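Hi there,

Here is the structure I promised to pass on to you. Have a look at it first, and then read on for what turned up in it.

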Amino acid sequence: MRLYRPSFAHVFGWFMQRISALFLVIGMVVHFWVLHYFIEKPLTFEKVVERLSSPGWILFDSLLLIAVVYHGLNGVWNVLTDYNPSPKLKKFYGWGLFLIGVATVIWGFITLIPFTVTA
Amino acid sequence: MKLNSLTELKLNWNWGMVSFALHRITGIALTIYVFLHIWTLSAVKDGEAAFNHSLDKWDNLVGHIFEYLLLLAVAYHLFNGIRVTFVDVMRFTKQQKRMLVWVIVFTVIVAVISLTIFIPEITKPV
């Protein structure tokens, strides 16, 4: 029997989607629990600064940002490639999503910094 | 006949197909939301007051309903994602339909528990 052998990049993409999902399952539950059920509403700048005074929370938020951007954009990539684009278009999608991802993570970090320096 | 996502859904009408479509729709919606989320929070660059004002804009009935729908999308995507992973790596293929029932049950539990927490207007007298 001839087996279909997907490329390393393909398997790696599938694997990383699962790894990021695993982190997001825990991360999203914690994120929602803390910000919607635990912290008394309304949420304010002061409350965010108080939480982000601990390095553990900064690390958590940073990892959540990276995982969610990767998982989301890799998911969009999976949807787009399901429609069998031409190699040229596929390359365009790949680079486009990669650049959007990098820019979004940088934007996220720039947003995170003001909460940590005031503390 | 030209096949698009909608005709495929019509031709292969079954619950697995519906769960697949819902996973994609919630996934794309949540990815778009991430940008909106960072955009809202990025108001912090103009200081504390600007940030509080930015969050305040969502503190109304429409904002609360939107957040509740967001929670439902996350809950469904999360539980169905766990189902997909189980089928992928643990050979749960035969149980995949029964597992969809659990996905719906867990999503409904989250929906019921969170309703008044996310939309407090419901319990307030008009």
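To start you off: how are H1(A) and H3(A) oriented to each other? Keep in mind that this is a predicted model. In chain A, helix H1 covers residues 8-38 and helix H3 covers residues 55-82; their axes come within 9 Å and cross at roughly 130°. An angle over 145 degrees would count as roughly antiparallel and one from 65 to 115 as roughly perpendicular, and H1(A) and H3(A) are therefore oblique to each other. Their crossing is left-handed.

Which residues make that contact? From H1(A) come Gly13(A), Met16(A), Gln17(A), Ser20(A), Ala21(A), Phe23(A), Leu24(A), Gly27(A) and His31(A). H3(A) answers with Leu63(A), Leu64(A), Ala67(A), Val68(A), Tyr70(A), His71(A) and Asn74(A). Sorted by class, the residues of this contact are nine nonpolar and seven polar, with no charged ones.

Now for chain B. Its secondary structure consists of five helices and zero strands, so to say α-α-α-α-α when read from the N terminus. The chain has 126 residues, and a compact globule of that length would have a radius of gyration near 14 Å, whereas chain B has 19 Å. Its C-alpha trace spans about 55 × 35 × 30 Å along the principal axes. Buried residues make up 16% of the chain.

The two chains also touch: 25 residues of chain B are in contact with 24 residues of chain A. On the chain B side, helices H2 (15-41), H3 (48-56), H4 (61-90) and H5 (96-118) each supply at least two residues. H2(B) gives the most, with nine. By class, that side of chain B has 15 nonpolar, six polar and four charged residues.

One place to zoom in is where H3(A) meets H2(B). The axes of these two helices come within 9 Å and cross at roughly 135°, which makes H3(A) oblique to H2(B). This crossing is left-handed. On H3(A), the contact is made by Val68(A), Val69(A), Gly72(A), Leu73(A), Gly75(A), Val76(A) and Val79(A). Their partners on H2(B) are Arg24(B), Gly27(B), Ile28(B), Leu30(B), Thr31(B) and Val34(B). Here the classes come to eight nonpolar, four polar and one charged.

You may also like to find Val68(A) in the viewer: Val68(A) takes part in the contact of H3(A) with H1(A) and in that of H3(A) with H2(B).

Enjoy exploring!

Methods:
Residues numbered from 1 in each chain as written. Chains lettered and ligands numbered in written order. Predicted model: local features only at pLDDT ≥ 70, side-chain atom pairs only at ≥ 80, totals over all residues. Axes fitted to C-alpha atoms, helices over the stretch in contact; angles between N-to-C directions. Helix = DSSP H or I, 4+ residues; strand = E, 2+ residues; numbered from the N terminus. Parallel < 35°, antiparallel > 145°, perpendicular 65-115°, else oblique. Left-handed = near helix turned anticlockwise from the far one by under 90°. Contact = placed C-beta atoms within 7 Å. Nonpolar A, V, L, I, M, F, W, Y, C, P; charged D, E, K, R; others polar. Rg over C-alpha atoms; globule rule 2.2 N^0.38 Å. Buried ≥ 20, exposed ≤ 12 C-beta atoms within 10 Å, placed from the backbone.
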